[in-house]
Amino acid sequence: MYYIGLAARLLLVLVFAAAAAGKSWRRGSFDAFVSSLTALRLFPRRLSAPVAVATVVAEAVTAVLLAVPATAGAGLALAMVLLGAFVAGILAARRGGRQVPCRCFGATSMPLGIPHVIRNALLAAVAAVGLAAMAVTSAPGSVHPGGLAIAGVTAAVGALMVVRMDDLLALAPIAR
C-alpha cells in the first residue's frame with residue numbers, strides 16, 4: 001500500500017505543479033486564465049484576477065504539501081477540495097450553457113466539458129486512495145528500488161496523460 005500512496009502523491013504533485021506553472025509561466029497564459037474565469041461567469045468579473053491568483057497559489061501549495069512527507073495528508077485533502085471545486089465550477093458553467101476553453105494547464109482551445117469533469121473526479125479519487133493508503137501504512141524502514149521505480153513511472157505516465165488529455169482527446173474525437 002505504501003507504493004500506491006506514493007504513486008498517488010507523485011502523480012498529484014506533477015499534475016498540480018504543471019497546472020500552476022501552465023497558468024503562470026508566461027504573462028499571456030495567466031491573462032488567458034483570467035479571461036476564461038471571467039467567461040465562466042461563476043462570480044463577479046472584478047473577482048476574476050484575484051480568484052485566478054488564489055487558484056494558482058492553491059495549486060502550487062498543494063504540490064508542495066504533497067511533496068513533503070510530513071504534510072502529504074494535508075496536500076491530499078487540499079487536492080480533493082480543489083478538484084471538487086473545479087468539478088462544481090465546470091458543471092455550473094455547462095449548466096449555464098457557457099463554452100469556455102480549458103486553461104487548466106495553459107492554453108488549449110478545447111472547451112471545458114464532461115471529460116474535464118471526469119478527469120478531475122478521477123484525480124480526486126486518486127487523492128482519496130492516497131489518503132487511504134497513508135491511513136493503513138507508513139513508510140517502510142527500507143524502500144525497495146523496484147517499488148520506487150514503479151511508483152515513479154506510474155505517476156509520470158499518469159500525469160503526462162492528465163496534462164495532455166485535451167491533445168489525446170483531439171486524436172479520438174468523442175461527444176463532449
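Buried means under 20% relative accessible area. Keep that cut-off handy while you work through this predicted model.

**Exercise 1. Find which residues of H4 are buried, and say what they pack against.**

Solution. Start with the list: the buried residues of H4 are Ala72, Gly75, Leu76, Ala79, Leu82, Leu83, Val87, Gly89, Ile90 and Ala93. Next, look across from them, and you'll meet H1, H2, H3 and H5 as packing partners. Now check the helix length. H4 has 24 residues, which should span 34 Å at 1.5 Å a residue, and its end C-alpha atoms are indeed 34 Å apart, so the two values agree. Finally, step past the end of the helix: Gly97 follows H4 and has a positive phi, near 75 degrees.

**Exercise 2. Work out how the buried residues of H3 are arranged around its axis.**

Solution. First, get the helix in view. H3 has 20 residues and runs 29 Å from its first C-alpha to its last, close to the expected 28 Å. Then pick out its buried residues: Ser48, Ala52, Thr55, Val56, Ala58, Glu59, Thr62, Ala63 and Leu66. They cover an arc of only 160 degrees around the axis, so they sit on the same side of H3. A bit of background helps here: an α-helix has 3.6 residues a turn, so residues three or four places apart point the same way. As for neighbours, the buried residues of H3 pack against H1, H2 and H4.

**Exercise 3. Decide whether Thr62 is buried or exposed, then list what it touches.**

Solution. Thr62 belongs to helix H3. Its relative accessibility is 0%, so Thr62 counts as buried. Leaving out residues up to four places away in sequence, Thr62 touches Phe16, Gly75, Leu78, Ala79 and Leu82. Two of those names, Gly75 and Ala79, should ring a bell from the buried list of H4.

**Exercise 4. Do the same for Val162, and see how far it lies from Val143.**

Solution. Locate Val162 in helix H6, residues 145-163. At 12% relative accessibility, Val162 counts as buried, because buried means under 20%. Its contacts, not counting residues up to four places away in sequence, are Val15, Phe105, Arg119 and Leu123. Arg119 and Leu123 are among the buried residues of H5, and H6 is one of the elements that the buried residues of H5 pack against, along with H1, H4 and helix H7 (165-171). Now for Val143: it is 19 residues from Val162 in sequence, and their C-alpha atoms are 27 Å apart in space.

**Exercise 5. Say where Arg41 lies and what its phi is like.**

Solution. Go to the loop between H2 and H3, where you'll find Arg41. Although Arg41 is not a glycine, its phi is positive, about 50 degrees. With a relative accessible area of 57%, Arg41 is exposed, since exposed means over 50%.

**Exercise 6. Describe the largest pocket and its lining.**

Solution. Begin with the space: the largest pocket holds about 410 Å³. It is lined by 28 residues, and Phe33, Leu37, Thr55, Phe86 and Cys104 are the closest to its centre. Next, see which elements give two or more residues to the lining: H1 (2-24), H2 (27-40), H3 (48-67), H4 (72-95) and H5 (114-136). H4 provides the largest share, five residues. Last, sort the lining by type, and you get 20 nonpolar, four polar and four charged residues.

Note on methods:
Residues numbered from 1 in each chain as written. Predicted model: local features only at pLDDT ≥ 70, side-chain atom pairs only at ≥ 80, totals over all residues. Heavy atoms only, no water. 1 Å grid on protein atoms, 1.4 Å probe; cavity = no way out; pocket = protein on both sides within 12 Å on 5 of 7 lines; lining within 4 Å. Points joined across faces, edges and corners; volume = space filled by probe spheres on them. Helix = DSSP H or I, 4+ residues; strand = E, 2+ residues; numbered from the N terminus. Nonpolar A, V, L, I, M, F, W, Y, C, P; charged D, E, K, R; others polar. Expected span 1.5 Å × (residues − 1). Buried < 20%, exposed > 50% of the residue type's maximum accessible area, 1.4 Å probe, protein only. Arc of directions from axis to C-beta. Contact = heavy atoms within 4.5 Å.
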